[in-house]
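This briefing is meant to be read with the sequence and the coordinates at hand. Please look first at the overall arrangement of strands and helices, and then at the surroundings of the ligand.

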Amino acid sequence: MTMLRLNNLSFGYTPRQLIFENISFAVHPGEVFCIIGPNGCGKTTLIDSILGINQPQQGTIEVGGTQLAQLKPREFAQQIAYVPQSHTKTFPYTVLDIVVMGRTAATRGFGSPDSSQQQRARESLEQLGLKGFEERLYTELSGGELQLVLIARALTQDARIMVLDEPTAHLDFRHELMVMEIITWLVKEKELTIVMATHFLNQAFYLENAAVPTRVALMDQGKIAAIGTPSEVITKSNLKDVFKINSTTATTNEEGLQRKFIVPLKNIR
Ligand SMILES: Nc1ncnc2c1ncn2[C@@H]1O[C@H](COP(=O)(O)OP(=O)(O)OP(=O)(O)O)[C@@H](O)[C@H]1O
């Protein structure tokens, strides 16, 4: 079974200038599907297409076997939860208000949340180590705390797929590791399927090292240049072709954790 399938998808903000063209791939249940590629290659644009924000010029998207265009908003919310890259802070909602919004999206739209929705939101906060944050104002959180709250909101939605756009863009090492540990937990324990765009290629290796089923799609100039496991795709040769850099891979074995990683060495002029 396929959770998400893109068939020959093309999109441009103007019809004459396509950002990506004829993109096809399938995301399987219980895997992390990482979208990587240079700045401006179209990762966010592709994610916005999967979310139904960008209407493709050509091609189709199937979510759980149904055409995206045929899903009603509530059905969509039961399939896909989204964790944005940045969040404009507007009203000083409490953290609990923000997290409970995940539940209302998947159930009955507007109206006051009932106690079971609140309970579900509290559970998510606890699962992400945010117990005690319920009454904090989300406008007063740090970037790292806010990111975890947005993941808690998506978790509360109980969707089958979680889509994350650059989930660690503004995070320090500790919070980056927390997000990677949470993603590992979401896949292994909550049986979610994850689609995420990231610039941090070592995150794909982290997941591979942690025995999380992981595949990587490398985007370049509007096409998929390579698709496969992190070790198959994040190679010196692919990074030379796509990022125009020399790099090397290495492994460490500290604290019982075998880790493979890639190190950028030099721009190719
Ligand atoms: N709303 C928009 N209207 C017109 N062009 C846009 C719009 N959003 C993005 N673009 C252009 O589309 C291209 C792809 O942008 P996108 O943000 O999808 O890339 P990205 O791979 O996510 O980049 P980054 O890694 O820097 O976040 C870029 O050339 C960008 O300037």
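What follows takes up the two sheets, the helices on them, the ligand shell and one loop residue. The model is predicted, which should be kept in mind throughout.

**Six-stranded sheet**

- One open sheet is built from six strands in the order S6-S7-S8-S3-S9-S10, and its pairing is mixed.
- At its edges are strand S6 (80-83) and strand S10 (223-228), each of which pairs on one side only.
- Averaged over this sheet, neighbouring strands are turned by 15° against each other when direction is ignored.
- Helix H5 (residues 143-156) packs on this sheet, where it touches S6 and strand S7 (161-165), and the direction of H5 makes about 175° with that of S6.
- Strand S9 (residues 214-220) and S10 run antiparallel and are joined by five bridges; Asp-220 has Lys-223 in S10 as its bridge partner.
- Helix H7 (residues 201-209) also packs on the sheet, in contact with strand S3 (32-36) and S9, and its direction makes about 160° with that of S9.

**Four-stranded sheet**

- A further open sheet has four strands in the order S2-S1-S4-S5, with antiparallel pairing.
- Strand S2 (20-27) and strand S5 (66-67) are at the edges with a single partner strand each, so one side of each is left without a neighbour in the sheet.
- Strand S1 (residues 4-11) runs antiparallel to S2 and is joined to S2 by five bridges, and the bridge partner of Phe-11 in S2 is Phe-20.
- Helix H1 (residues 43-50) packs on this sheet, touching S1, S2 and strand S4 (58-63), with a direction that makes about 120° with that of S1.

**Ligand shell**

- Which residues are around the ligand? They are Tyr-13, Ile-19, Gly-37, Asn-39, Gly-40, Cys-41, Gly-42, Lys-43, Thr-44 and Thr-45.
- Sorted by class, this shell holds three nonpolar, six polar and one charged residues.

**Asp-172**

- Asp-172 is located in the loop between S7 and helix H6 (173-188).
- Is Asp-172 buried or exposed? Asp-172 counts as exposed because it has 12 C-beta neighbours inside 10 Å, and a residue is classed as exposed at 12 or fewer.
- Although Asp-172 and Gly-144 are 28 residues apart along the chain, their C-alpha atoms are separated by 7.7 Å.

How values were computed
Residues are numbered from 1 along each chain as its sequence is written. This is a predicted model: local features need pLDDT of at least 70, side-chain atom pairs count only at pLDDT 80 or more; totals for chains, interfaces and linings use all residues. A residue is near a molecule or strand if its C-beta atom, placed from the backbone, lies within 6 Å of it. Ala, Val, Leu, Ile, Met, Phe, Trp, Tyr, Cys and Pro count as nonpolar, Asp, Glu, Lys and Arg as charged, and the others, Gly among them, as polar. Two strands pair if DSSP finds at least two bridges between them. Helices (H or I, at least four residues) and strands (E, at least two) are DSSP runs, numbered from the N terminus. Axes are lines fitted to C-alpha atoms, for helices over the stretch in contact, and angles run from 0 to 180 degrees between N-to-C directions. Two residues are in contact if their C-beta atoms, placed from the backbone, lie within 7 Å. A residue is buried if 20 or more other C-beta atoms lie within 10 Å of its own, exposed if 12 or fewer, and partly exposed in between; C-beta atoms are placed from the backbone.
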